[in-house]
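Open the structure in your viewer and set it to show side chains. The stops below are meant to be selected one after another.

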Amino acid sequence: MKNISNVFWISIAIILVAVIFGVAAPNLFEKVTGNIQAMLTTAFGWYYLILVTVIVAFCIFLIFSPVGAIKLGRSDEKPEFSKGTWFSMLFSAGMGIGLVFWGAAEPLSHFMNPPLAEGGTPDAHKEAMRYTFFHWGIHAWAIYGIVALALAYFQFRKGEPGLISATLKPVLGKSMEGTLGTIVDVLAVFATVVGVATTLGFGAAQINGGLSYLWDIPITFTTQVIIVSIVTVLFIISAWSGLGKGIKILSNANIFLALALLLLMFITGPTILILNIFTDSIGGYIQNIVQMSFRIAPLNEEHRTWINDWTIFYWAWWISWSPFVGIFIARVSRGRTIREFVIGVLLLPALVSFLWFAVFGTAAIQVQNAGILDLTRFSTEEVLFAVFSQYPWSTILSLVALTLVGLFFITSADSATFVLGMQTTYGSLTPPNRVKLTWGIAQSTVALILLYSGGLQALQNTLIAAAFPFSFVMVLMMVSLYRSLAKEKSELVQYLKPKLIKDLEPQE
């Protein structure tokens, strides 16, 4: 047990208290988390919008800055994974279940209840796709990217342990090796557990929704317990096999299945309309990105409520997931340049997400407009399967989707056990299996408690509350990374300057 840090015991104790609270008083738990969520979104909505926009701007700056040529590792180091596998792993960990869960449901919701336009109109259709792109685009991946970049840079370039606290040393110094550092790492672990548990809750709910729609299996907490229990066993088996086997194989399988589902829906759905909507929405997204980034509707309560429920929720979701996804992406990105890393993390997953929502969102809105089936009467987790029922090969599409959700579920939880193991064993790149087992059970337990204490609403409330304190750590990580990169650039100039002058001197 000597390689297990205090962060492990403190985090487990906090999570145990939350679990006991959720079991003993589920209604009170939902009420408390709801009050915290309402306070944070009302009082700090402006802060979330500004922070995430600054993160995007900083990532873009790094792409064009000379420091983009710096490698995340030794100057002669080669990447550990191929570009295809690298992309598969970061995408599976970073979005996964969320894309399947919201692929049809979010554009449909925005179409019926848009942020500005009249619901159910062509303008609402455009807004629905534009805001969905906004929520799942470069802003989300910039949040992941900045945490991942700081971790990879300090761990592989500077030789620091793979801990969130280690990235803050240029700002806070030696204090990061003591109590203050422990607090920072506990915040990261807690945000990770809640963020991943929330997503696992969404996954369990959607698997249950699919089973209910296809075979009338009831949507109950008992059913969700069985689903989570089965998947927990599977992802723990995968976690036991290690990063290079289980997670790598599952990530590649995820991408294959996701592309298969995307292609099947693209072919059977309104193909030409999908291509037109995709193209138009990309243009609308680029044209309106600044306005959407800062829109908070201070003088319109109805519009502000929409922003709180969607944009602020998503920014909190991505922030709460950023320690987990960031640490995982950092672990698989060794040997890449900063420029290659930022471009890969920001642009490629965003483009795939845009295509995904164009396909499934357009298909859902097309079904709703046809008037054959009212999709709004279905729960969020059932919408995708209801859409499939109106297209050819519906059973095949539904089975592929269920399998994909299950695999994404396993991959996300598997990756999280690895990350949580790292964070609670002094940054070890090979955390002990007993630690990963503990975190695997803890994640699933928290997911079930959140479902038990109020379903999806309790999940969302807890997510926003957990993300808030970690957002301040992210600010410090950006400052720390900038300082260290500026210092390295200055040292490089001082090293090269005498050589350059010598090369320019006339030869006798």
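The tour goes from the core to the surface and then to some single residues. Keep in mind that this is a predicted model.

**The core**

Start with W102, I146, I164 and F360. Within the largest nonpolar core, which has 165 residues, these four touch the most other members. Next select residues 301–331, which make up helix α13; with 18 residues, this helix gives the most to the core.

Return to W102 and display what surrounds its side chain. Which residues are in contact with W102, leaving aside its neighbours within four places in sequence? The list is P107, W136, F202, W310, Y314, W317, F357 and T380.

**Helix α7**

Now select residues 138–157, helix α7. Is this helix largely enclosed or largely open to the outside? It is largely enclosed by the rest of the structure, because 19 of its 20 residues are buried. Move on to G159, just after α7, where phi is positive at about 75 degrees.

**A nonpolar patch on the surface**

Switch to a surface view and select W46, I50, V54, V290 and F294. Together they make a nonpolar surface patch of about 500 Å². Two elements give two or more residues to this patch: α2, residues 26–64, and α12, residues 271–294. The largest share comes from α2, with 3 residues.

Pick I50 from the patch; it belongs to helix α2. I50 has a relative accessibility of 42%, so it counts as partly exposed, the class between the 20% limit for buried and the 50% limit for exposed.

**An aromatic pair**

Select Y47 and Y48 next. The whole structure has 34 aromatic pairs, and Y47 with Y48 is one of them, with ring centres 6.0 Å apart and 55 degrees between the planes, a tilted arrangement. Both Y47 and Y48 are buried.

**Two buried helix residues**

Go to S281 in helix α12. Its relative accessible area is 4%, so S281 is buried. Leaving aside neighbours within four places in sequence, the residues in contact with S281 are M129 and F133.

Then select F418, in helix α16, which covers residues 394–423. F418 is also buried, at 6% relative accessible area. Add N433 to the selection and draw a distance between the two C-alpha atoms: the separation is 9.1 Å, for residues 15 places apart along the chain.

**Two positive phi values**

The last stops concern backbone angles. Most residues other than glycine have a negative phi. Select A297 in the loop between α12 and α13. Phi of A297 is positive, near 50 degrees, and the residue is not a glycine. Is A297 buried or exposed? A297 is buried, with a relative accessible area of 14%.

Finish at W393, in the loop between α15 (383–388) and α16. Here too phi is positive in a residue other than glycine, with a value near 60 degrees. W393 has a relative accessibility of 47% and therefore counts as partly exposed.

Note on methods. Residues are numbered from 1 along each chain as its sequence is written. This is a predicted model: local features need pLDDT of at least 70, side-chain atom pairs count only at pLDDT 80 or more; totals for chains, interfaces and linings use all residues. Side-chain values use heavy atoms; hydrogens and water are left out. A nonpolar core is a set of buried Ala, Val, Leu, Ile, Met, Phe, Trp, Tyr and Cys residues joined through side-chain atoms within 4.5 Å. Buried means under 20% relative accessible area, exposed over 50%, partly exposed in between (1.4 Å probe, protein chains only). Helices (H or I, at least four residues) and strands (E, at least two) are DSSP runs, numbered from the N terminus. Contact means heavy atoms within 4.5 Å. Patches are made of residues with over 30% relative accessible area and no salt bridge: like charges are joined within 9 Å, nonpolar side chains (Val, Leu, Ile, Met, Phe, Trp, Tyr) within 5 Å. Accessible areas come from the Shrake-Rupley method with a 1.4 Å probe; for residues, only the protein chains shown count as cover. A salt bridge is a side-chain nitrogen of Lys or Arg within 4 Å of a carboxyl oxygen of Asp or Glu. Rings of Phe, Tyr and Trp (its six-membered ring) pair if their centres lie within 6.5 Å; planes under 30 degrees apart count as stacked, over 60 as edge-to-face and the rest as tilted.
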